[in-house]
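Trainee: Please take one part of this structure and go through it closely. I would like to see how its pieces fit together and where it sits in the rest.

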Amino acid sequence: MGSLIERESEIHVLKRSLTRLGTGRGGLVVLDAGAGLGKTALLRQARDLAVADGFGVLSARGAELEREFTFGVVRQLLEPAVPRDADARAALFTGAAQATEGLFTTVQSAAPGAMYALLNGLYWLLVNLAERSPLVLLVDDAQWSDSPSLQFLGFLARRLDSVAVVVIIATRSAEHDDDGLLEDILAADELTLLRLKSLSEPAVATLVRREMGSDADEEFCAACHTVTTGNPLFVRELLRVLVAANVRADLTGMSAVQSAGPEAVHWYVAARLRRQPPDVRSVARAVAVLGDDTPLPLVAAQAGLELPIATRAAERLKRYGIFDRVDPPAYVHAIVRDVAFSSVPPADRSAEHERAASVLRQAGACVTQVASHLLRVAPNGVAERVDVLIAAAMDAMRRGSPEGASVFLARARAEPPVAALRAEISRQLGNCQAHHLAIADAEVHLREALTLADNPRQRALCAYSLARFRNACGEPGEAVPLLISAVDDLDELGDPANLPQILEFEAELIGIARCDLSSRAELLRRIDSFARRPGRSDAVLESQRAVDAVFTGRPMAEALSAARSALAGDALTPERTGLWAAVNTLMMADQLDEAERRMHRALDTAVHRGLLFPMGIIRGYLARIAWLRGDLAQAAEHVELGTAAVPKPNIGLPLLDATSVRLLIEDDRLAEADAVVESGVLSGDRLPHASVHLWLLGARARLRIAQGNYRAAVADAVACGRFCEQLGTTLMWDVPWRLYAADAHFLAGHHEQATCLADEQLRLARDLAVPRHIAVALRTAARFADITDAHQHLKEAVDLLRDGPARLELARTLSDLGELLMRDGDRRAARDTIRQAAELALECHAPAMAERLNASLTAGGGRPSRLSVSGVHALTPSERRVARLVADALTNRQIAERLFVTEKTVEAHLSRTFRKLGVRSRTQLTSKYAGLV
C-alpha cells in the first residue's frame, strides 16, 4: 500500500461517500490528476472498501483503442450485472430501461437507439439494479472513454441524489479531447472533486527507506523527491532502478539518482524491455497494440507464438513489473503501455493494427473492435476493410451513436471504396452527420455523394438525402428541384420495385413545395400525380386537403375532418413534411388542445427515435400554440428548449424566433426583440422565401408598430399578404396581416385605410366562423368605430372568447372594453373589467400587462387591486406537465421515465402542485386538474 502514502484525506472522502450510500444516497467522486499520481490505487482502495461494506461493485476502464466503441465503457460497467436468465433479464429491462436492452446483445435486427432515450433508459436500468443492492461504479482513465459513455456519466451525475449509486471516476482532465463532456461531469452540483497532489518530501523519504533501508540518508531522499517531483509512479520506478543497480542510499548514491533523471519510468521500462528475449518483447508489443485484457490466445496469435510460449512470456513480464496480471494480460500502468508501444517503429504500426484486425476477425470479435484497428491502418483501397467499416458504422447507429458511425464511414470513404460504393458511403456519412447536427460536414458529403452518383437510382437517393437536408436547414427552394429530379429519375427506370421510394420521395416533394413560396404550381401538379399512384398514402393527401380547404374558404368542418383523417393512425411522423399542414389546420381552427397533443406525440417520437433536426420545428409549433393560448411561460420554455436543441441553420428557428419576438414585445423589451429579428433569416428587412418565415414576418410587423415605425410595419404586413397569394390564398389565418396593416395605418393617421382593412378582415372572419378570428377582428375594428359600435364589437368579442382557449386575447379585449367604459364614465364597470383583464394577464404570465392594467386602476384616485394567481395558472410549466400525467393515471416512476427526470424531482413537483391547488392526494389532484383545464 505504499502508493497510498499521503492519501488519508482522499480515503476519508471515499469512506464518507460509501457511508452515505449505506443510507440510500448516491454521489459522485472524481479523482483528477496527472499520470502516475495514484488514481488507480485509490480506485482499488475504493473497491476494497465497497466490498467490505457489502455493496455491489461494477468497474470499467477507458482505453485509447476503444474510444470508438459506442457505449463501450457503459457496457464494461453493466454487462457483468445483466443476468442471462430470460425471466431475470425481463425483470431488469422494464419501463424506460427496455430501450437499452439492445446495447447488451449482438442481435443486429434490434431497433435503432436514440441517444437521449438510451441515456434515460440506462439511468433506469441502474435504478433497477440498485434496488437489489447499492452500487459503486468505478471508472478508470475516463479521459479515454467513448463519447456516449461520457454523455451517460454526465446524465447520471445530475440524478445521483435519487438512486443508491456512488460513481467514482479517475481521469486526467488536462489530457482529453471530448467536446467538453468531462467538463460537463465536473460541473455537476453534487460533485466531490479530489485533485491528487504529488507526494511531499517526507512521504518520498518514507518510500525510499521502505525499499532501500531505514538508514537512507536525508539528502539522498531529498534528491529522489527532486528527480521525481513526488510522482508516486516515478518514485516507484526510480527505486526499482536503484535497487536493481545496488545503489547505496547515501551520498555515494547521489550521482545515480541524478543520472536517472525525471524520465526514469520511460528509460527503465524501455531498458527492461530491450533486455527481454524476442518472444517476450513480441508479447509486450502485442498487448500494447491489442490493448489490456485481450485474451492470451489472441495475444499469442498477434505475436505469432504458440500459446504456452506466450503465457510464459506474460508471466516473465509480470515478474519484471511490466504486466499487472498474466491472463488476460494488462500493463501495470498506461504510461508503461505507452513506453512499450513507442518501441514499435512508426512505419510498422499500420501493419501491426492490420494484423490485429485480422486476428480479431478470425476469432469472431465484434465488428467494432475489428474496425477500431482499421481506423489506424493506412488507407490502401482494400475492399474487405470497407465492408468491416460499414458494418461497424451500422452497429454504431443501431446503438444510438451517429457520431461513432460517422467516424467509421469517414474512414471507409478514405480507403477509398470501389467506385460503385463511393456515392452511397458519402451519402450515408452525410446522413449520419446530419443526424447528429454536424451541419457543415453533412452538407459537404451529401453534395459530394450527388456528384459521385453514377446511375439513376443512386442519383435519386443522393438527391433525396440532400433535398431533405437542405429543407431541414430552411431552404425548401433548393430542395424542390432536387426532389423533382429524384422522382423523375426513378419514374424513368420503370421498375415497379421502386414504387415505395417514389411514393416516399413524392410525398416529401409535396410537403416541401408547400413550404416554398415559389413552388405553388409544382405543388398542385405533384398532388395530382401522387393521388393517381397506387399505394399512395391517404394521410399525405388529407393533410394537404385540410390546409387547402382553409386557404380557399371552404367550411372549417371540412378542413378539420381532413386534418383529423390525416393524423389518425400516426402515419405522419415528425421527420416527414406531411405532418405540419394537418397540425397547422388544427391551429388555424383554434383546436389548440388537439394540436398540442399531436405535437407532444411528435416530440415523444422524435426523442425516442433520436430525431434532432425536427426538434426546432416541433418546439416552434408548441411555442406558437402556447402563445395563441396565452400561456406565455410555456411558450417561453418551448422557445428556450427549441433554440438550444438545434444549431443554425434549421427550419424551425424562424418559428421559434417569431414567438420569441412576440414574447419580448409583450414584456416591453423592444431592443431585445429587434436583436432576435436581426439575428435571424429576416434580418436587414429581408423578405421571406419560405412559408415558415411568415410567422416571423408578422412578428416583425408587430415589432415595427411597437417601435413607432408604421411605414415599415405596413410594408411588412402588405408583403405578408402578397406572399399569402403566392401560397394560393388571400385567407391567411396564421398571420392576420390586414389587422397589422390596419393598426399601423391608424397610428400613422390613415384612418380610412385602417377601417377598410379591419372591416374586410371582420367579414372574412365571420365567413370562417372561428370565434377567435372573429373576436380578434372585432377588437381591431372597435378602435376605428364610433363609441356605440365599439361597445358592441368588444362585448361580442368578449362573449366569443369567454369559453375559448385564447386567454391572453380575452385579457386584451377586456382591457380595451374597460378603457372604453372608463371614457364613457362607467367607472365601476370599467374597474371590474380592467381587474378581470389584469388577473387574466397574470394567469397568462404577462406581468408587464398585468402591472400596466393594475396601475390604470389608480387613475382618478382609485386603489390598485391585489392581484394573485391561483389554481392551475399558478403552476409552472413543469408542474403542469406532471399534473397532467398524474391525471392520466401514471405513477411517479412512469412520469419520471416519461419526462427524463428522477422520481425525487417528480415528488418535488407534486408537493408544490398539491400546495398550489389545495389538494392532498393524487385522486383529488386528478379531479381538480380535470375541472380547471
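Mentor: What follows starts with the whole protein, moves into its main nonpolar core, and then follows the chain outwards from there.

The model is predicted. The protein has 933 residues, of which 57% are buried, and its secondary structure comes to 47 helices and 7 strands. Its C-alpha atoms fill a box of roughly 110 × 75 × 55 Å along the principal axes. Of the contacts between residues with a separation of 6 or more, 67% join residues 24 or more positions apart.

Now the part itself. The largest nonpolar core has 159 residues, and the members that touch the most others are Phe469, Met599, Tyr621 and Val661. Helix 31, residues 615-629, gives this core its largest share, 10 residues. A second core of 88 residues is separate, and it includes Val13, Ala157, Ala896 and Leu925.

Take Met599 as the way in. Beyond its neighbours within four places in sequence, Met599 is in contact with Leu579, Trp580, Val583, Ile618, Tyr621, Leu622 and Ile625. Tyr621 is thus a partner of Met599 and also one of the residues with the most contacts inside the core.

Leu622 leads on to another residue. His638 has contacts with His600, Arg619, Leu622, Ala623 and Leu656, again leaving aside neighbours within four places. His638 belongs to helix 32, residues 632-645. Is His638 buried or exposed? Its relative accessible area is 1%, so His638 is buried. Past helix 32 comes a loop that runs to helix 33 (653-666), and Pro649 is in that loop. The peptide bond from Lys648 to Pro649 is cis, with omega near -10°.

Next, look at Glu575, in the loop between helix 28 (556-567) and helix 29. Glu575 has a relative accessible area of 18%. Buried means under 20%, so a residue at this value counts as buried. Apart from residues up to four places away in sequence, Glu575 touches Arg468, Glu508, Arg609, Leu611 and Pro614. The side chain of Glu575 also makes a polar contact of 3.0 Å with the side chain of Thr573. Glu575 and Leu612 are 37 residues apart in sequence, with 9.3 Å between their C-alpha atoms.

The loop with Glu575 ends at helix 29, and helix 29 (578-588) also helps to cover helix 39. Helix 39, residues 771-784, has 14 residues and reaches 21 Å from its first C-alpha to its last, close to the 20 Å expected. Of those 14 residues, 12 are buried. Among them are Arg772, His773, Arg779 and Thr780, along with Ile774, Val776, Leu778 and Phe784. Besides helix 29, the cover over the buried residues includes helix 31, helix 37 (737-747), helix 38 (751-768), helix 40 (787-802) and helix 41 (807-823). Helix 31 therefore has two entries in this account: it gives the largest share of the core, and it is part of what covers helix 39.

For comparison, consider helix 20, residues 402-414. At 1.5 Å a residue its 13 residues should span 18 Å, and the end C-alpha atoms are 18 Å apart, so the two agree. The buried residues of helix 20 are Pro402, Gly404, Ala405, Ser406, Phe408, Leu409, Arg411 and Ala412. Why might one look for a pattern of three or four places in such a list? An α-helix has 3.6 residues a turn, so residues three or four places apart point the same way. The buried residues of helix 20 pack against helix 18 (367-374), helix 19 (383-398) and helix 21 (419-435).

Helix 20 is followed by a loop leading to helix 21, and Pro416 lies there. Glu415 and Pro416 are joined by a cis peptide bond, with omega about -10°. The loop between helix 21 and helix 22 (439-452) holds Leu437. Leu437 is not a glycine, yet its phi is positive, about 65°. Leu437 is buried, with a relative accessible area of 16%. Ala889, in the loop between helix 44 (877-887) and helix 45 (892-899), also has a positive phi, about 75°, without being a glycine. Ala889 is exposed, at 64% relative accessible area.

How values were computed:
Residues numbered from 1 in each chain as written. Predicted model: local features only at pLDDT ≥ 70, side-chain atom pairs only at ≥ 80, totals over all residues. Heavy atoms only, no water. Core = buried A, V, L, I, M, F, W, Y, C linked by side-chain atoms within 4.5 Å. Buried < 20%, exposed > 50% of the residue type's maximum accessible area, 1.4 Å probe, protein only. Helix = DSSP H or I, 4+ residues; strand = E, 2+ residues; numbered from the N terminus. Contact = heavy atoms within 4.5 Å. Expected span 1.5 Å × (residues − 1). Polar contact = N/O pair within 3.5 Å; in protein donor to acceptor, adjacent residues only side chain to side chain.
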